[in-house]
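User: Hi! I am new to reading protein structures and would like to learn how the descriptive words are chosen. Could you go through this one with me?

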Amino acid sequence: MSESTLSRTAGPTPNAGLGDRLTRLLDVALLLLLLVVPWVAPSFWTYILALSLANAIGVLSVSVVIRYAGEVSIGQNFFIAVGAYAVAILQARLGVPFPVGVAFGTLLGCVMGLAFAWPSRKLSGVYLSVATLALGLCVPELLLHWTDITGGFEGINVKPNLVAGVPGGIQQFYVALGGFAIVVIALARFRHSRYGIALLTARHHAKAAEAFGMPLASVRLLVFALSAGIAGFGGSILAFASSTVSPNSFTFWSSVYLLVGSVVCLYSTKPSAAFFGGLFITLLPQLLSDYGELVEIIYGFTLFVVIYLFNIVLPHLQAAIRRKQARNGHG
Amino acid sequence: MDMANHGAGLVAKEIKLAFGGLQVLNNVSVSFPPGVITGLIGPNGAGKTSFFNCLTGLYRPNSGDISLDGRALKGVSASRRARLGISRTFQHVALSPELSVAENVQFGLHASRKSGLADALLPLPSAWSDREESRHKAIEALSLVGLSHLADVPAGGVAPGTLRLVELARAMVGRPRVLLLDEPAAGLNSSETKDLVQTLRQIASRELVMVVVEHDMDLIMQICDVINVLNFGTLIAAGTPAEVQANPLVAEVYLGAADD
């Protein structure tokens, strides 16, 4: 078929890829900047940024479900708790080193994700969200039920003892940064992989995906295994970065906050955006600690503004610009 | 045509399909041999797309048998049929606007690609070679439809007519045994349709079972060796383009109606 016929109907957008290059530059600059944080910033900020990075991994686990399945999970606290308690219990009760705990926590998160996804593989929309809600609500009760293992209300302390002789705060920061880097690199690879392509096709045309070898049940299983694995990994990192695990850290509300983080970074799996999401939900409660419920109000307001701005205002503006360009073109 | 060497192709026997009280397909029996371009025509609502969906496994017929080269496909899922080499395009373009044109075409290779989840997440050498190979095949398929220059453009920014050709490239990229094309010329202008005819002739081979559903009668008459006519879910005629054109029943229910 001749190229000439089709070159009249479509062509590459001018400057296509410029935005991508700028984002990549921003990502690299951010990672370089974060690398020097423990040497230039007070320990309080090093701690806050370590928590932000760990939370950013949780945000990414939510964004994966939204971006690749078009669904919303509000039960991520379950998978995060699985990873966090895996590290804490293995270290405190059995003396297992942190890297082994992380691997186990990630794997357990994946397995739990599959265990959840299998019975709910045919659910979608609000029904799936309600199923994840049920998962999220049961976490504190489960943790308080097995007090002997989980430490009950007080939880378990996690020692930052990965490298002997290095201050705990520095270990916590670099473990969080390393964990975050691993997840964003893996997700960047995943996006262009055979499965990333399949999921993004299934999200828009489930029947087409099925006709080419990717049935909806496989989509659900893959997305939840991936998301829960990332959440389990993030939970393991969070346990190390915060030095402690307790039921209060893994309530249903922590899933809601992760969803807030995912929305404010527009469900992006790009490093700078995900970091912003993690920073937003970590820093805001710290800055507004004296104002109590104001944090929730700001979260709610931010959600509304972002949703309204990106789903109503911007599409209207874009349509208006296109109409104007079309008029000018005809004129 | 040498069916002994190339198998029996796709055979549908006495397919019945109903949605509630609505009988969509009624005892439809058609053979689609390899090396033959078969047209499937009929007025809107005749059941053509539903029949395609039965062949690809997206719909399960209430009764009847479908086989590929003698292998019964009853109970074989759409995904498994894709692995057996049944490929298709859709009446309404079914591509992901988030993916680039080349990535959309690469999805046509999903069932045959071997890379696993570890390859998807980790920088393994096997993953690089698999990605390079699938991209190379996608660019080749895009070249066949004249779109290799759009490989890296997001599909969301491509004109609807052009997307039909991207779908065709996706359906062809895995070198399928069966190629089912659902209105491939819809949305194309006359020049593009002419090019499409050339492309379809180019990809037709002795091994390929090609079935085309199309409302563009010129295209159907030009490229098809055999034409089957459906009306209200019933096969009312089958034969060469000349035979079908001469069939008074077809003229009455379809071609005649088109002339009104």
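User: Why does Leu266(A) count as partly exposed?

Analyst: Good place to begin, and please keep in mind that this is a predicted model. Leu266(A) has 15 C-beta neighbours inside 10 Å. A residue is buried at 20 or more and exposed at 12 or fewer, so with 15 Leu266(A) counts as partly exposed. Leu266(A) sits in the loop between helix 14 (252-264) and helix 15 (271-287) of chain A.

User: What is the phi of Leu266(A)?

Analyst: Leu266(A) has a positive phi of about 55 degrees, although it is not a glycine. That deserves a remark because most residues other than glycine have a negative phi. In chain B, Asp69(B) also is not a glycine and has a positive phi, of about 50 degrees. Asp69(B) lies in the loop between strand 4 (63-68) and strand 5 (71-72) of chain B.

User: And how do you know whether Asp69(B) is buried, exposed or partly exposed?

Analyst: By the count again: Asp69(B) has 17 C-beta neighbours inside 10 Å. That value falls between the cut-offs of 12 and 20, so Asp69(B) counts as partly exposed.

User: What makes Pro247(A) buried?

Analyst: Pro247(A) has 20 C-beta neighbours inside 10 Å. The cut-off is 20 or more, so Pro247(A) counts as buried. Pro247(A) is found in the loop between strand 2 (244-245) and helix 14 of chain A. Leaving aside neighbours within four places in sequence, Pro247(A) is in contact with Pro140(A), Leu143(A), Leu144(A), Phe153(A) and Gly155(A). Pro247(A) and Ala81(A) are 166 residues apart in sequence, with 8.4 Å between their C-alpha atoms.

User: Now the helices. Why are helix 5 and helix 13 of chain A called oblique to each other?

Analyst: Helix 5 (residues 76-94) and helix 13 (residues 216-242) of chain A pack at an angle of about 50 degrees, with their axes 6 Å apart. Angles under 35 degrees would be roughly parallel, and 65 to 115 roughly perpendicular. About 50 degrees fits neither range, so helix 5 and helix 13 of chain A are oblique to each other. Their crossing is right-handed. Among the residues that make the contact are Phe79(A) and Val82(A) of helix 5 of chain A, and Phe233(A) and Leu238(A) of helix 13 of chain A. By class, this contact has 14 nonpolar, six polar and no charged residues.

User: What makes helix 10 of chain A roughly antiparallel to helix 13 of chain A?

Analyst: Helix 10 and helix 13 of chain A pack at about 170 degrees, with their axes 9 Å apart. Over 145 degrees counts as roughly antiparallel, so that is the name for helix 10 and helix 13 of chain A. The crossing of helix 10 and helix 13 of chain A is left-handed. Their contact includes Val175(A) and Val183(A) of helix 10 of chain A, together with Ile230(A) and Phe240(A) of helix 13 of chain A. The contact of helix 10 with helix 13 of chain A divides into eight nonpolar, two polar and no charged residues.

User: Why is chain A described as being as compact as a globular protein of that length?

Analyst: Let's begin with its make-up: chain A has 16 helices and two strands. The radius of gyration of chain A is 22 Å, and the globule rule gives 20 Å for 331 residues; the two are close, so chain A is as compact as a globular protein of that length. Of its residues, 47% count as buried.

User: How do you know that chain B is as compact as a globular protein of that length?

Analyst: Chain B comes to 11 helices and 10 strands. Its radius of gyration is 19 Å, close to the 18 Å that the globule rule gives for 260 residues, so chain B is as compact as a globular protein of that length. In chain B, 48% of the residues count as buried.

User: Which helix of chain A gives the most to the side that touches chain B?

Analyst: In total, 32 residues of chain A are in contact with 45 residues of chain B. Helix 11 of chain A gives the most to the side of chain A that touches chain B, with eight residues. The residues on that side of chain A divide into 16 nonpolar, 11 polar and five charged.

Key: Residues numbered from 1 in each chain as written. Chains lettered and ligands numbered in written order. Predicted model: local features only at pLDDT ≥ 70, side-chain atom pairs only at ≥ 80, totals over all residues. Helix = DSSP H or I, 4+ residues; strand = E, 2+ residues; numbered from the N terminus. Rg over C-alpha atoms; globule rule 2.2 N^0.38 Å. Axes fitted to C-alpha atoms, helices over the stretch in contact; angles between N-to-C directions. Left-handed = near helix turned anticlockwise from the far one by under 90°. Contact = placed C-beta atoms within 7 Å. Nonpolar A, V, L, I, M, F, W, Y, C, P; charged D, E, K, R; others polar.
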